Amino acid sequence: MDKNEVRESTVIAMGMNGEGVLKDEGKVVFVPFAMTGEKIRYRVLKTSSNCTYGKVVEILTPAEDRIRPKCPVYGKCGGCQLQHVRYATQLKIKEDNIANCFRKIAFSDVKVQPTVRGENEFGYRNKLQLPISVDKTGKTIIGFYAENSHRVVPVSDCPINAVWTADIISAFNEYFDLTGIKGYCEETHTGDIREIAVKDVKGKLIITVVATTDVLPFKEKLLEILQNKVKYTFALYLNVNTSHNNVIFSEKFIHLYGNKDFGADMLGIRYRVGVQSFMQVNDCVAAKLYSMVNTLAEADEDTVIIDAYSGAGLMTALLSKRAKKAIGIEIVPEAVNLANALASQNGLSEKITNYQGKCEEIMPDIIEREKANGSKIVVVLDPPRKGCDLKVIDAVKNSGADKIIYVSCKPSTLARDVGLITGTLCHDGSKIEKSETVNGKYIINSVRPFDMFAQTKHIETLCELVRSE
Ligand SMILES: C[S@@+](CC[C@H](N)C(=O)[O-])C[C@H]1O[C@@H](n2cnc3c(N)ncnc32)[C@H](O)[C@@H]1O
């Protein structure tokens, strides 16, 4: 098999990234946008002893579940990987991927429950991030990155994002055309504007322009255009980012217009979202997820909830209502301030303590203190994609908690961390390997996906662990 060779084969499975997987001449080949059962003609893009990547040239026999994608730049933009797949089949693919991760990474056979879905398969995202660049002619372009690249694919709308997306893009295009402001070029580190980010807090928008300058050029013009084109209340921030790396935001946010943050309501909890606070991208699925976490926690007036990676504190507040108290741990100071304000706004300050810091640094002591108090503990973990630090895993494993509820947006790190907690995996401080004998203090009680990210390869998973004795 040589690079650029065009070959024919049949797809036998779906991979973790939503791509088709086939075996050809003894090699495992990954082909994006191909589906299980399809006979395809594909071009070999890259081949090595480990794996081979191909590109579809022609679908010879399409799968029954193949559908026409909604988006005109689907396949070019890296945002979605599964728009060509009927929605019910997307869910099945993701459920299988979760089970495979547990089997291959954690050596655990788990029954994955049917996915909890949102109301909308499109238009569900409340968070938009648009890189700004320049094309070959020097024109400023707004778009999304191509898969695994920093090449911007220009777009005028996005079907998985909220209805205001086209208006935002159109407004910024007008602003760039009228003012001649240049998008950022990553190679030469030239240009004024790097990114536009928008958060939708239940119909109120926080718009952030990431620029290389301390002052937003033609600010009044931009405000005038946004007021004409975007029929929503909005706030405007400038983020000053002069770094030469890929990190989107610097620490320096400057409030330019409108409210500093916005309030909303979910499951009876009033909360505020600021420019830096994390929020789940799909409000409908997030509400279902939080509600399920609350049900599984089974907290009563003796329970202490330790909510690690607690963000702006919405779940902490919800969990605290039935518990004796809830402890939130979060690294971002602004999110902790919002979480404290949220606790007070909901009359829950007496029941909630929010700590600012790294879970790996402060959580072990918090657990030890609650253990020493004889508290009945429930731990909730909701880490970023990379999962939990080993110090967090060890502390949780030995916490004596009645339950551990792990919310994850990456099945592979979830499987790894759960394997370590249940004892199918062990570590020596850095290297993780399969345990010789399994005698963990916790077992998996349920694994349930929540489709927070329809049309994409991503999935949110809720894993409930209970004590083994
Ligand atoms: C997936 S979010 C979950 C937030 C929250 N549970 C929610 O549902 O909105 C992960 C959160 O962990 C925070 N975080 C990341 N690394 C952390 C660390 N080492 N220690 C504490 N918090 C961390 C992030 O700032 C983010 O708010």
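**Ligand contacts, domains and sheets**

A nitrogen atom of the ligand lies 2.9 Å from a backbone N or O atom of Cys359. On its own the ligand has 600 Å² of accessible area, and the protein covers 89% of that area. The model is predicted. Its protein chain is divided into three parts: domain 1 (6-66), domain 2 (99-118 + 279-467) and domain 3 (127-259).

**Around the ligand**

- There are 16 residues around the ligand, and those that come nearest are Tyr290, Tyr309, Glu330, Cys359 and Asp382.
- By class, this shell is made up of 8 nonpolar residues, 4 polar residues and 4 charged residues.
- Tyr290 has a side-chain N or O atom 2.5 Å from an oxygen atom of the ligand.
- Gln280 also places a polar side-chain atom by the ligand, at 3.1 Å from an oxygen atom.
- For Cys359, the atom that lies 2.9 Å from a ligand nitrogen belongs to the backbone.

**Domains**

- Domain 2 is written as two segments, 99-118 and 279-467, while domain 1 covers 6-66 and domain 3 covers 127-259.
- Between domain 1 and domain 3, the distance from C-alpha centre to C-alpha centre is 36 Å.

**Sheet with strands 7 to 13**

- This sheet is open and has 7 strands, in the order 9-8-7-10-11-12-13, and its pairing is mixed.
- Its edges are strand 9 (152-154) and strand 13 (253-257), each of which pairs on one side only.
- From one strand to the next, the twist in this sheet averages 35 degrees.
- Strand 13 pairs with strand 12 (residues 233-240) in the antiparallel sense, over 4 bridges.
- Tyr237 has His255, in strand 13, as its bridge partner.

**Sheet with strands 16 to 20, 23 and 24**

- A further open sheet of 7 strands runs in the order 18-17-16-19-20-24-23, with mixed pairing.
- At its edges are strand 18 (352-356) and strand 23 (442-450), and each pairs on one side only.
- The twist here averages 15 degrees from one strand to the next.
- Strand 19 (residues 376-381) and strand 20 (residues 403-408) are joined over 4 bridges and pair in the parallel sense.
- The bridge partner of Val378 is Lys403, which is in strand 20.

Key: Residues numbered from 1 in each chain as written. Predicted model: local features only at pLDDT ≥ 70, side-chain atom pairs only at ≥ 80, totals over all residues. Heavy atoms only, no water. Near = heavy atom within 4 Å. Polar contact = N/O pair within 3.5 Å; in protein donor to acceptor, adjacent residues only side chain to side chain. Areas by Shrake-Rupley, 256 points an atom, 1.4 Å probe, with all protein chains shown as cover. Nonpolar A, V, L, I, M, F, W, Y, C, P; charged D, E, K, R; others polar. Domains from an automatic or database assignment. Pairing = 2+ DSSP bridges. Helix = DSSP H or I, 4+ residues; strand = E, 2+ residues; numbered from the N terminus. Axes fitted to C-alpha atoms, helices over the stretch in contact; angles between N-to-C directions.
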